[in-house]
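Let's take a walk through this protein, residue by residue where it helps. Have the sequence and the 3D view open side by side as you read.

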Amino acid sequence: MELLEAFDRALAEFDGRVHQVENRRWEAGTPCTDWTVRDLVNHLTAEHLWAPSLLSGAALDEVGDRFEGDVLGDDPVRSWERAAAESRLAFHRPGALDGQVNTSGGVIPAEEYGWQMTMDLTVHAWDLARGIGADDVMDKDLVQGVYDRFAPQASHWQGLGIFEAPVEVPESADAQDRLVALFGRRP
């Protein structure tokens, strides 16, 4: 699967679940034990607010702290929609994936940044579904593509505080269970 197709599918997975959040569920817990549903959506919204600047070559200090704290305000769904729409436009801009991106982990190829954002959307779509009690079954091709891309790299991410240690699953586990387990979730 090509990056932009995977990114769009992952964005749709997360977006669909954001639109299912009932008002009473914003403070519900998620598999990310330190985050409520609102915290999780805030995290992804902030990441996608950063994307247009980073894909345009901005350094972290140029963006500053404007996307720290609560970026959802009084209308979390609308805030997410705006951030997601701008992020999608930025990723689809001709040449956007050809350069380098400044991240908190250093300068990386824009394409790698795109895959990281795709993985984050995919895994957190599952987290969000679990937090709101929605259907957590995701696009099988997307899940397999993200798993295949990140399984070989997962050990390098352990100990950085980004994800919990992988969870063991049976050999017979499907790709979705293997993906979420890879990033410390219990399917």
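Start with G133: at 65% relative accessibility it counts as exposed, because anything over 50% falls in that class. You'll find G133 in the loop between α5 (110-132) and α6. For a sense of distance, pick R82 as a second point: G133 and R82 are 51 residues apart along the chain, and 25 Å separates their C-alpha atoms. Keep in mind as you look around that this is a predicted model.

Now step back to the whole fold. What does the secondary structure come to? The protein has eight helices and two strands. Read from the N terminus on, the elements go α-α-α-α-β-β-α-α-α-α. The radius of gyration is 16 Å, close to the 16 Å that the globule rule gives for 187 residues, so the protein is as compact as a globular protein of that length. If you'd like a box to put around the C-alpha atoms, roughly 45 × 40 × 30 Å along the principal axes will do.

How is the chain packed inside that box? Of the 187 residues, 47% count as buried. Take the contacts with a separation of 6 or more: 70% of them are accounted for by residues 24 or more positions apart. On the outside, the accessible surface comes to about 9,400 Å², and carbon and sulfur atoms hold 46% of that.

For a view of the inside, go to F7, which sits in helix α1. Is F7 buried or exposed? With a relative accessible area of 0%, F7 is buried, since the class takes in everything under 20%. Leaving aside neighbours within four places in sequence, F7 is in contact with H48, S87, R88, F91, G114, M117, T118 and L121. One of those partners, F91, is 84 residues from F7 in sequence, yet their C-alpha atoms are 8.7 Å apart in space.

V167 makes a useful second stop. Its place is in the loop between α7 (154-157) and α8 (175-182). Although V167 is a loop residue, its relative accessibility is 15%, so it counts as buried. Not counting residues up to four places away in sequence, V167 touches A181, G184, R185 and R186. As for a residue elsewhere in the chain, V167 and E112 are 55 residues apart in sequence and 25 Å apart in space, C-alpha to C-alpha.

Next, the charges. The protein carries 16 positive and 34 negative side chains, and the centres of the two sets lie 4 Å apart. How many salt bridges does a search of the whole structure find? It turns up eleven.

One of them is between R9 and D141, whose closest N and O atoms are 3.8 Å apart. This pair links distant parts of the chain: R9 is in helix α1 (residues 3-18) and D141 is in helix α6 (residues 140-150), 132 residues apart. R9 has 26% relative accessibility, so it counts as partly exposed, while D141, with a relative accessible area of 51%, is exposed. The two also belong to a network of salt bridges that links E5, R9, D139 and D141. So helix α1 gives you both the buried F7 and the partly exposed R9.

For contrast, look at a salt bridge within a single helix. R78 pairs with E81, the closest N and O atoms being 3.4 Å apart. Why do these two fit together along the helix? Because they are three residues apart in helix α4 (residues 76-92), R78 and E81 are separated by about one helical turn. R78 counts as partly exposed at 39% relative accessibility, and E81 counts as partly exposed too, at 27%.

Finish with R24 and E22, another salt bridge, where the closest N and O atoms are 3.0 Å apart. R24 is exposed at 65% relative accessibility, whereas E22 is partly exposed, with a relative accessible area of 42%.

Terms used. Residues are numbered from 1 along each chain as its sequence is written. This is a predicted model: local features need pLDDT of at least 70, side-chain atom pairs count only at pLDDT 80 or more; totals for chains, interfaces and linings use all residues. Side-chain values use heavy atoms; hydrogens and water are left out. Helices (H or I, at least four residues) and strands (E, at least two) are DSSP runs, numbered from the N terminus. The radius of gyration is taken over C-alpha atoms; the globule rule is 2.2 Å times the number of residues to the power 0.38. Buried means under 20% relative accessible area, exposed over 50%, partly exposed in between (1.4 Å probe, protein chains only). Contact means heavy atoms within 4.5 Å. Accessible areas come from the Shrake-Rupley method with a 1.4 Å probe; for residues, only the protein chains shown count as cover. Lys and Arg count as positive and Asp and Glu as negative; His and the chain ends are not counted. The place of a charge is taken as NZ of Lys, CZ of Arg, CG of Asp or CD of Glu. A salt bridge is a side-chain nitrogen of Lys or Arg within 4 Å of a carboxyl oxygen of Asp or Glu.
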